[in-house]
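Student: I would like a close look at a single part of this model. Take one strand, please, and work outward from there.

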Amino acid sequence: MRWLLPVAVSVLIVLLYVTPQGAYLRSLIVPTEEVSDNRPTDGKSDTGDDDDDDHPSRLRMQDGVLGIELTQETQVISGIRVQPAEAMQYRQEMQALAEVVSIGPLLELRTSSDRLRAEIRITEVELQRSREAYERLSLLHEDNANISTRQLEEARAQMQASLARLAAQKQQLRSLYDEAIQGWGEVLAEWALNANGEGLFQQLLKRHEVLLNLTLGRNQSLPETSRIIFINRDDTRINARKAYLISPAPRTEPSLQGETHFFHAHADKLRVGMRVHAWIPTSGETIDGVYAPADAVVWQAGQPWIYLHDGDDFFYRRVLDNPSRLSDGWFNSVTSSQGR
């Protein structure tokens, strides 16, 4: 038996509500739908006249399955179309939002770091000279040369001043590094301040790549295996691009209170401040199944149903027992879709 999905079943339902035979057909097609008062319940019309010829029963059994028979003419009038079910592979994913963030504050820390490093190099040179001067004067003083104790103490003071200045500058550099870690995490701090990951950081500086801050929901957690996620500017999974994990982010979104993580992605059409949709794989395994367009799914009694087409005019319904929501439809695994 072929599995064909009526793409326009939702259109059919709408038409049935407004056509003269709508109430009767609706009671046959929609699962557990309450029969309308307009439906003949005993083979007679409301006036008592026999109208079985006008409303023949469309329900019939085929291969042990109860379904509805809709002629080709009825299908055309009702706007029903069918298409073969599209096989697809699906990997369990969860959705979240990410924001393209500016690396400007990190760049400012890098600039301050570079300035401090330059000052440290200058101070180190001064310290070396003052140390050499002190050592030379100390030797001369010991040999009873014409070097006063005052000159020796002044040289010592200059050397110690250089040592103190160097220590203070190195402490400033460590504090700057700690500030970068607090705001950006250790990985990005290393990239920016210690030139680790220089190639990728240069890509961020040149905007060939962008930095993303992924924010998960309160009850979500990034799987340990999720080194790659998929992002798109709109809520469409198709054509979503890859983004690559950098590190956990130290700050959360106050309104969400969830985990945050830094990713990087190609910068094409992405701008600072943009929010993008993200799909995070929750398992490395892929599942075989079929794709059902959103228009082919009918919701009734809190469950999603589809109608399958067998032969030319026979339709029967099936509940999607474990569907996964996609941006433009539903995925149902093969194991949960086998059989009638």
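Tutor: A residue counts as buried when its relative accessible area is under 20%. Keep that cut-off in hand for β10. The model is a predicted one.

Start with the strand itself. β10 covers residues 260–266. The strand is mostly covered, with 6 of its 7 residues buried. His-264 sits in this strand. With a relative accessible area of 12%, His-264 is buried, because the cut-off for that label is under 20%. Its side chain has a polar partner: a contact of 2.9 Å links His-264 to the side chain of Glu-209. Leaving out residues up to four places away in sequence, His-264 touches Leu-200, Glu-209, Val-210, Ala-243, Tyr-244 and Ile-246.

Now the strands beside β10. On one side comes β7, residues 209–215. β7 and β10 run antiparallel and are joined by 7 bridges. One of the pairs is Thr-215 with Thr-260 in β10. The other neighbour is β9, residues 241–248. β9 and β10 are also antiparallel, with 5 bridges between them. Here Pro-248 has His-261 of β10 as its bridge partner.

Step back to the whole sheet. 6 strands close into a barrel, in the order β6-β7-β10-β9-β8-β11. The pairing is antiparallel. Direction ignored, neighbouring strands in this sheet are turned by 40° against each other on average. Follow the order from β10 through β7 and you reach β6. β6 spans residues 93–101 and pairs with β7 over 5 bridges, in the antiparallel sense. Val-101 lies opposite Leu-211 of β7. A helix packs on this sheet as well: α6 touches β7, β9 and β10. The direction of α6 makes about 95° with that of β9.

A second helix also meets β10. That is α5, whose buried residues pack against α4, α6, β7, β9 and β10. α5 has 36 residues. From first C-alpha to last it reaches 52 Å, close to the 52 Å expected at 1.5 Å a residue. Its buried residues include Leu-152, Met-159, Leu-166, Leu-173, Leu-176, Ala-180 and Trp-184. Polar side chains appear in the buried set too, among them Ser-162 and Gln-169. Just past the end of α5, Gly-185 takes a positive phi of about 90°.

Next, the nonpolar core. The largest one has 30 residues. Those with the most contacts inside it are Leu-106, Leu-109, Trp-184, Leu-188, Leu-193, Leu-211 and Phe-262. At least two core residues come from each of α4 (104–142), α5 (149–184), α6 (186–193) and α7 (198–205). α5 gives the largest share, 9 residues. Take Leu-109 as a sample of the packing. Not counting residues up to four places away in sequence, Leu-109 touches Leu-176, Glu-179, Ala-180, Trp-184 and Leu-193. A second core, separate from the first, has 20 residues. Val-100, Leu-212, Leu-216 and Ile-280 are included in that second core.

Last, for contrast, the open sheet. It has 5 strands in the order β2-β3-β15-β14-β13, paired antiparallel. β2 (59–62) and β13 (298–300) are the edge strands, each with a single partner, so one side of each has no neighbour in the sheet. From one strand to the next, the twist averages 45°. β2 and β3 run antiparallel and share 4 bridges. Arg-60 stands opposite Gly-67 of β3, and Met-61 stands opposite Leu-66. The two strands make a hairpin with 2 residues between them. In that turn, Asp-63 has a positive phi of about 55°. β3 then joins β15, residues 314–319, through 2 antiparallel bridges. Glu-69 has Phe-314 of β15 as its bridge partner.

Notes: Residues numbered from 1 in each chain as written. Predicted model: local features only at pLDDT ≥ 70, side-chain atom pairs only at ≥ 80, totals over all residues. Heavy atoms only, no water. Pairing = 2+ DSSP bridges. Axes fitted to C-alpha atoms, helices over the stretch in contact; angles between N-to-C directions. Core = buried A, V, L, I, M, F, W, Y, C linked by side-chain atoms within 4.5 Å. Buried < 20%, exposed > 50% of the residue type's maximum accessible area, 1.4 Å probe, protein only. Contact = heavy atoms within 4.5 Å. Expected span 1.5 Å × (residues − 1). Polar contact = N/O pair within 3.5 Å; in protein donor to acceptor, adjacent residues only side chain to side chain.
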